[in-house]
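Subject: Handing over a structure, with notes

Dear colleague,

I am passing this structure on to you, and below it you will find my notes on what turned up when I went through it. Please read them with the structure open beside you.

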Amino acid sequence: MALCVAAGFLAPHGAARSAEFHLFLRCEGSLSSADKSRAAHLDLALRDNNTTALIQRSNVLPVGERLLYTPTPMHYSMVFKLGGPGTRLYLDWLRGTWVIWQPNLKRLATIRLAIDRQDGALEGELRDLNDDVIGTIEMSCSAVDPESLPPPKL
């Protein structure tokens with residue numbers, strides 16, 4: 001009897017994990033700052049029940065971070081705030097790739113994103129500590145079926 005109760009208790013949790021995210025987005029475009037531009041990509045998985053977006057693949061935001069998003073009938077909007085210049089995230093994520101091609105991004109403090117729910121256009125702003133715009137992100141996003149994603153190799 002105890003085994004049946006335990007099996008019944010565990011069964012819904014497995015199903016909940018597989019259905020944890022309701023929308024998978026693949027976005028591609030560019031990041032621009034001070035008249036320089038670079039290709040950018042961002043894959044997000046969104047949850048309905050607690051409005052969390054998980055960064056699955058990106059060269060714009062750190063992979064594995066979770067952002068809170070605000071859904072409206074027209075947009076999904078989210079904000080990513082970086083730690084100070086001495087934090088590990090800042091050093092690991094920005095030190096090598098972004099600052100080499102654009103030194104202005106050393107001042108990066110906040111990234112604001114909005115995804116249009118009608119046409120999939122993503123617009124973003126990169127802002128410094130004074131809330132001045134130091135760069136922009138423009139991407140096109142499309143919904144991806146999670147069943148079509150390749151299985152993990154490891």
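One disulfide is counted in this predicted model, and it is formed by Cys27 and Cys141, whose sulfur atoms lie 2.1 Å apart. In general, such a link is a covalent bond between the sulfur atoms of two cysteines. The torsion about the S-S bond of Cys27 and Cys141 is about 110 degrees, so the disulfide is right-handed. It links distant parts of the chain, since Cys27 belongs to strand E1 and Cys141 to strand E8, 114 residues apart. Both Cys27 and Cys141 are buried.

Those two strands belong to a barrel, which eight strands close in the order E1-E2-E3-E4-E5-E6-E7-E8, with antiparallel pairing. From one strand to the next, the twist averages 30 degrees. As background, the strands of a sheet pair through backbone hydrogen bonds, either parallel or antiparallel.

Strand E6, made of residues 108-116, is a useful place to look more carefully, being mostly covered, with seven of its nine residues buried. With strand E5 (residues 75-81), strand E6 pairs in the antiparallel sense over seven bridges. Within this pairing, Met78 has Leu113 of E6 as its bridge partner, while Val79 stands opposite Arg112 of E6. Strand E6 is also joined by seven bridges to strand E7 (residues 121-128), and these two strands run antiparallel; here Leu108 stands opposite Asp128 in E7. The hairpin of E6 and E7 has four residues between the strands, and in it Gly120 takes a positive phi near 80 degrees.

Which salt bridges should you look at, and how many does a search of the whole structure find? The search finds six salt bridges, and I describe some of them here. In general, side chains of opposite charge can pair when their charged atoms come close.

In one of them, the side chains of Arg47 and Glu20 meet at 3.1 Å, N to O. Arg47 lies in the loop between strand E2 (36-46) and strand E3 (52-58), and Glu20 in the loop between helix H1 (2-18) and strand E1 (23-33), so this pair ties together parts that are 27 residues apart in sequence. Arg47 is buried, with a relative accessible area of 16%, whereas Glu20, at 26% relative accessibility, counts as partly exposed.

Another salt bridge brings us back to strand E6, where the side chain of Arg112 meets that of Asp131 at 3.3 Å, N to O. This pair also links distant parts of the chain, with Asp131 in the loop between E7 and strand E8 (133-143) and Arg112 in strand E6, 19 residues apart. Asp131 is partly exposed, with a relative accessible area of 37%, and Arg112 likewise counts as partly exposed, at 32% relative accessibility.

The side chains of Arg127 and Glu125 meet in a further salt bridge, at 2.7 Å, N to O. Here Arg127 is buried, with a relative accessible area of 12%, but Glu125 is partly exposed, with a relative accessible area of 29%. Salt bridges that share partners join Arg112, Glu125, Arg127 and Asp131 into one network.

With best wishes

Technical notes: Residues numbered from 1 in each chain as written. Predicted model: local features only at pLDDT ≥ 70, side-chain atom pairs only at ≥ 80, totals over all residues. Heavy atoms only, no water. Buried < 20%, exposed > 50% of the residue type's maximum accessible area, 1.4 Å probe, protein only. Pairing = 2+ DSSP bridges. Axes fitted to C-alpha atoms, helices over the stretch in contact; angles between N-to-C directions. Salt bridge = Lys/Arg side-chain N within 4 Å of Asp/Glu carboxyl O. Disulfide = S-S within 2.5 Å.
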